[in-house]
Amino acid sequence: MKRMILLLIIAALSLSGCSPYSLVPSGNSHNTTVSERGENIPDPPTSDRDEDYVRRVALYFVSSDRQQLTPISRTLTVRFDDTLLENIVERLLGASSSDGVRGIVPSGTTLLYVEDSCSIATVNLSFEAANATSRDLMWMKAAIANSLIGVNDTNYVQVLINGREQSGMLLPTGAMTFTGDSLQALWTRKSTEEERFSTSADASMVSRDLVLYYPAISGNFLLPEVRSVTFNTADIEKLIIDELSQSPQNELCRSAFSENIQPAAELVTLDDGGRVVSIAFDTDVNELSRVGGFDMWRTLASIAFSMCRNIPELDGVVVTIGGEWIFSASSGDRSADFRDGIMRPDDFGDAVGDVAKLYFSDGNGSLKAIDRVLPAQNTNSARALIAELIKGPLPGEDCHSVFPDGVTIDDIIGIRIQDQCALINLTANFYTMCQNLSFVQERGLVYSMVNTLCEMSGVNRVRFYVNSEVADTLTDYISIRSELLANPGLVA
């Protein structure tokens with residue numbers, strides 16, 4: 001009799017539209033419910049906190065005989081508020097000499113940040129790292145580069161100390177790739193290049209891949225780009241100025257200023273021993289903006305980042321325009337004040353952006369991929385990406401929004417990344433606003449979100465909830481009851 005009553009209750013719940021997926025035990029965090037088809041359904045997210053996850057990686061250390069970089073496999077637990085790149089560097093810094101390898105950094109060295117943009121990882125270490133010899137600095141940078149290359153599509157690694165380039169040499173280290181050389185061979189090659197460069201006689205034989213920073217066309221951001229520079233002069237600052245006046249490879253950027261108004265550049269040693277690059281534009285501010293096509297903030301940020309992150313032991317940049325010393329710059333909601341007239345990258349805040357791939361409607365039933373420049377930390381934030389989709393196309397992007405009127409970012413109750421799946425919990429209002437969508441519109445909305453989120457590192461599928469319940473569809477056509485994969489066939 002009790003069994004019959006239970007069956008009648010379950011049948012009543014089904015007929016009333018209540019899903020069996022709602023029978024989730026309360027008070028447990030991130031439990032799963034078994035569906036009718038045997039699927040494990042994770043609890044719906046009620047916030048944006050991601051799950052911790054585990055990765056097996058190869059960390060490279062200096063061998064005990066100092067002859068090579070030795071890979072050692074390690075298991076890392078990446079917390080929700082950390083990144084895999086940061087975890088790798090922190091594990092390298094915390095390692096002591098053991099297992100036939102040596103620690104790679106001087107005592108007390110800490111990680112300040114890892115900046116991940118355009119497949120370039122910029123690692124900034126605390127000032128204690130500068131206590132290493134020139135040779136050990138080179139080996140330390142090579143160990144970090146080898147450990148990061150290939151992780152999250154990283155192609156180049158740049159290692160800074162306290163925000164600037166330090167190598168103990170006149171030549172910049174430049175952007176590093178994976179090195180398979182023996183450490184002694186690496187040191188011999190670099191020291192030989194340094195000797196040629198310092199004599200100036202045949203400096204043109206020396207080249208470096210430098211990370212330069214170009215203003216993005218849209219938004220107050222810089223995007224990094226690796227440029228191969230051949231040193232035909234000892235004046236590195238002049239070579240950088242020349243490169244910044246050239247058209248960048250990334251079509252989302254423009255040159256920092258026109259070739260027609262290239263400034264004079266000179267490395268100057270101050271009375272207190274500090275080293276700065278003096279940049280002098282002959283033209284006035286109005287002419288520079290008109291001909292260069294950029295506001296002052298982005299132009300100066302481009303110069304400061306490109307100089308300080310490449311010229312060894314540079315303390316900053318001073319700029320004069322039409323004979324006037326520049327002490328501040330602003331653009332929109334961005335502003336920078338330069339202490340004593342010396343500008344440094346830190347003065348410009350989080351100026352480095354990154355490129356996110358967003359999917360909108362092409363107006364003909366398909367999706368169109370749009371590259372948009374965002375703050376670097378937003379390109380791997382699920383909520384930030386959904387917010388960009390809701391915001392819709394920007395001028396010049398030639399596409400159409402997929403979201404119905406009345407939907408805002410507040411209609412995303414929570415997003416959680418768990419086991420490489422993005423779990424999205426939508427409000428009842430989101431569901432209501434979708435009820436008049438056609439098949440094509442519903443498909444475009446669903447796969448705009450799915451395709452966009454699957455562009456994130458560590459995400460390969462998406463699951464939706466409506467008001468913390470598993471729903472059949474948002475309207476009537478596209479099933480969202482199970483996990484969805486990206487659909488490249490919808491992209492025009």
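Helices and strands are DSSP runs, numbered from the N terminus. In these terms, Ala 132 of this predicted model sits in the loop that joins strand E7 (120-125) to H3. The relative accessible area of Ala 132 is 17%, and Ala 132 therefore counts as buried, the cut-off being under 20%. Leaving aside residues up to four places away in sequence, Ala 132 touches Pro 106 and Leu 137. A further relation links Ala 132 to Ile 104: the two are 28 residues apart along the chain, and their C-alpha atoms are separated by 9.5 Å.

From this loop it is a natural step to helix H3 and to the internal spaces of the model. Rolling a probe the size of a water molecule over the atoms shows where empty space is left. The structure holds 3 cavities of 30 Å³ or more, and the largest of them has a volume of about 140 Å³. Its lining is made up of 13 residues, and those closest to the centre of this cavity are Met 138, Ser 167, Met 169, Pro 172 and Thr 173. Helix H3 (residues 134-148) gives the most to this lining, contributing 4 residues. Sorted by class, the lining of the largest cavity comprises 6 nonpolar, 4 polar and 3 charged residues.

The second largest cavity has a volume of about 60 Å³. Here it is strand E8 that gives the most to the lining, with 3 residues. The lining residues divide into 5 nonpolar, 4 polar and 3 charged; among them are Lys 141, Gln 158, Glu 165, Gly 174, Met 176 and Arg 309. Pro 172 and Thr 173 also line the second largest cavity, and both are listed among the residues closest to the centre of the largest one.

Glu 165, one of the residues that line the second largest cavity, deserves a closer look. Glu 165 is found in the loop between strand E8 (156-161) and helix H4 (183-199). With a relative accessible area of 3%, Glu 165 is buried. The side chain of Glu 165 reaches the backbone nitrogen of Thr 173 at 2.8 Å. Apart from residues up to four places away in sequence, the contacts of Glu 165 include Lys 141, Val 159 and Leu 160, together with Leu 171, Pro 172 and Thr 173. Glu 165 also touches Cys 308, Arg 309, Asn 310, Ile 311, Pro 312 and Glu 313. Several of these partners return in the cavity wall: Lys 141, Val 159, Leu 160, Pro 172, Thr 173, Arg 309 and Asn 310 touch Glu 165 and line the second largest cavity.

How values were computed
Residues are numbered from 1 along each chain as its sequence is written. This is a predicted model: local features need pLDDT of at least 70, side-chain atom pairs count only at pLDDT 80 or more; totals for chains, interfaces and linings use all residues. Side-chain values use heavy atoms; hydrogens and water are left out. Helices (H or I, at least four residues) and strands (E, at least two) are DSSP runs, numbered from the N terminus. Buried means under 20% relative accessible area, exposed over 50%, partly exposed in between (1.4 Å probe, protein chains only). A polar contact is a pair of N or O atoms within 3.5 Å; within protein, one must be able to donate a hydrogen and the other to accept it, and residues adjacent in sequence count only if both atoms are side-chain atoms. Contact means heavy atoms within 4.5 Å. On a 1 Å grid over the protein atoms alone, a cavity is a set of points where a 1.4 Å probe fits but cannot get out, and a pocket is an open set with protein on both sides within 12 Å along at least five of seven lines; lining residues have an atom within 4 Å of a point. Grid points are joined across faces, edges and corners, and a volume is the space filled by probe spheres set on the points. Ala, Val, Leu, Ile, Met, Phe, Trp, Tyr, Cys and Pro count as nonpolar, Asp, Glu, Lys and Arg as charged, and the others, Gly among them, as polar.
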